[in-house]
Amino acid sequence: MMHKLQMMLVLALLTMFSPVAGTALAQGHRQDSLQMLTSLGDSCMKQYNTLEALKYYQQAYGIAKAIAGTQAKENLDLPIDKLEKLPEEKQMEIIERLKRAAEMSAVVDCGIQMKLADCYYKRADYRQAADLLKNVPEDSLSHEAFRELAYSYQKQGDNDSYVYWASRLVGHYPMDGEMVAGLILGYTQQSQPEKGIICGMKYSLRDSTNILVNRALADAWFMNRDFSAAAKLYDRLLQQGDSTFNTLYSAGMSHSQTGNLERAYQCLLPALYLSQMHHQGCAYRLGVVCVDTKRYEDGLGYLTLARELMKPDTTVMKAITLSQGEGYYLTEHYKEAVDAWKEHLRYNPGSIATYYNIANAYTYLLNDKEQAEANYRKFLDLARKEERPTEKLAEMIRNAENVLKAFEKMRKIKHKSR
């Protein structure tokens, strides 16, 4: 109820002032309305009501833009000495253009800009948040707003822009460990781990215990193929109590690369347990390390597990190969269709219709009677086991039997002609 009364007061203020820009009265009413709307938005944000807050902040931002535009026009420094040399009509045209340009480029109050951007950010509208914040001067951005600017690009999948703004933020706040770690990872994703290493080492000169930074820095060393440096840093993380799967697995991989197989075993074994025996890469690498350290029985077991884990999802592969076969067939790529159907049979060996389709393709399209006959017989072996064949299946059985009879007649004719 209170918000409704306050909003009615705001609307009253908005309708009172004159539309003529530049008057002290209009400016005063605008400032009052701006403060009221901003206060209402702040109140909604405290209650996590971003929907209502957005409405107030958007109105406040519109007023702030109008105020900034008016002030920009009033403070416009006109080149009088040059204008005096032109005809009066031309002078007025240029002055109007300069005023419009000043109004368009006017800098809006940074505070309301950041409040509106914060509201957009909390509603996951990252594009709007970034568009607002990138136009705020860096020295006017609050630390939180600066972070929201960088993260807005990261959340949109724009790693290059994220790296740019994260690097600008770290320049202003060099001890923001979370952003330093993010920047290191950003550089690594850009295939520039060496830049990430430089960034991380600068931070580590002042704080070598930040787990987030050490994780990112270790990953950068690993991606830069300096496995010795990576292994040392992963071991430091483990000493700090960071015994997560990624740290253990990466430590094991690094030690494996440097030839420290016993230490690799000590890291990979708990890593595989943490993955609940589901990580195929970890199972494979542990199996290799076990074999190389003469733990043959364990190694063969882990390698068998890795092979099982690496098998594709049978259900998915059934669907993919069947669709591929149909797609190739309909586009008249018959050999590729047959290859796809044969692949389908690897995952679905009981597919009666697939044998029939392959046999028909060999008979009528690829002219390979030997392959056709073999697949018709496989089809009939399965089809005749059906206790209650459908009308369609019964028809397919008759067709296959007729084709096989025709093949047999052709063989007899050829034999007699010899």
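**Questions about a helical model**

Student: Which is Gln-276, buried or exposed?

Tutor: First, the ground rules: this is a predicted model, in which local features need pLDDT of at least 70, side-chain atom pairs count only at pLDDT 80 or more, and totals for chains, interfaces and linings use all residues. Residues are numbered from 1 along each chain as its sequence is written, and side-chain values use heavy atoms, with hydrogens and water left out. Buried means under 20% relative accessible area, exposed means over 50%, and partly exposed lies in between (1.4 Å probe, protein chains only). Because Gln-276 has a relative accessible area of 59%, the residue is exposed.

Student: Where does Gln-276 lie?

Tutor: Its backbone is a good clue: Gln-276 has a positive phi of about 60° although it is not a glycine. Helices here are DSSP runs of H or I with at least four residues, strands are runs of E with at least two, and both are numbered from the N terminus. On that basis, Gln-276 sits in the loop between helix H15 (261–274) and helix H16 (280–292).

Student: What value does the phi of Glu-332 come near?

Tutor: Glu-332 is found in the loop between H18 and H19. At 58% relative accessibility, this residue counts as exposed. Glu-332 is a residue other than glycine with a positive phi, near 65°.

Student: How many helices and strands are in the protein?

Tutor: Some context helps: buried residues make up 41% of the 418 residues in the protein. Contact means heavy atoms within 4.5 Å, and among contacts between residues at least 6 apart in sequence, 51% join residues at least 24 apart. As for the elements themselves, the protein has 22 helices and 0 strands.

Student: How far apart are the end C-alpha atoms of H18?

Tutor: The expected span of a helix is 1.5 Å times one less than its number of residues. H18 has 17 residues and should therefore span 24 Å. The model agrees, since the end C-alpha atoms of H18 are apart by 24 Å.

Student: What arc do the buried residues of H18 fall within?

Tutor: In H18, Met-317, Thr-321 and Gly-325 are buried, whereas Thr-315 and Leu-330 are exposed on the other side. The arc is that of the directions from the helix axis to the C-beta atoms. Seen down the axis, the buried residues of H18 line one face of the helix, because they fall within an arc of 70°.

Student: Why are the buried residues of H19 on the same side of the helix?

Tutor: The buried residues of H19 (residues 334–347) are Ala-337, Val-338, Ala-340, Trp-341, His-344, Leu-345 and Tyr-347. They are on the same side because they cover an arc around the axis of only 165°.

Student: Which helices do the buried residues of H19 pack against?

Tutor: Lys-335 and Arg-346 are exposed on the other side of H19. H19 is also part of what covers the buried residues of H18. The buried residues of H19 pack against helix H18 (314–330) and helix H20 (352–364).

Student: At what angle do the axes of helix H13 and helix H14 cross?

Tutor: Residues of H13 (residues 227–239), including Phe-227, Tyr-234 and Leu-238, meet residues of H14, among them Leu-248, His-255 and Thr-258. Axes are lines fitted to C-alpha atoms, for helices over the stretch in contact, and angles run from 0 to 180 degrees between N-to-C directions. The axes of H13 and H14 (residues 245–258) come within 8 Å and cross at roughly 145°.

Student: Which helix gives the most residues to the largest nonpolar core?

Tutor: A nonpolar core is a set of buried Ala, Val, Leu, Ile, Met, Phe, Trp, Tyr and Cys residues joined through side-chain atoms within 4.5 Å. Of the 81 residues in the largest one, Leu-141, Tyr-162, Met-179 and Leu-286 touch the most other members. With 9 residues, the element that gives the most to this core is helix H3 (residues 50–74).

Student: What is the relative accessible area of Asn-375?

Tutor: Asn-375 lies in helix H21 (residues 369–383). Not counting residues up to four places away in sequence, Asn-375 touches Tyr-355, Ile-358, Ala-359 and Tyr-362. Asn-375 is buried, with a relative accessible area of 5%.
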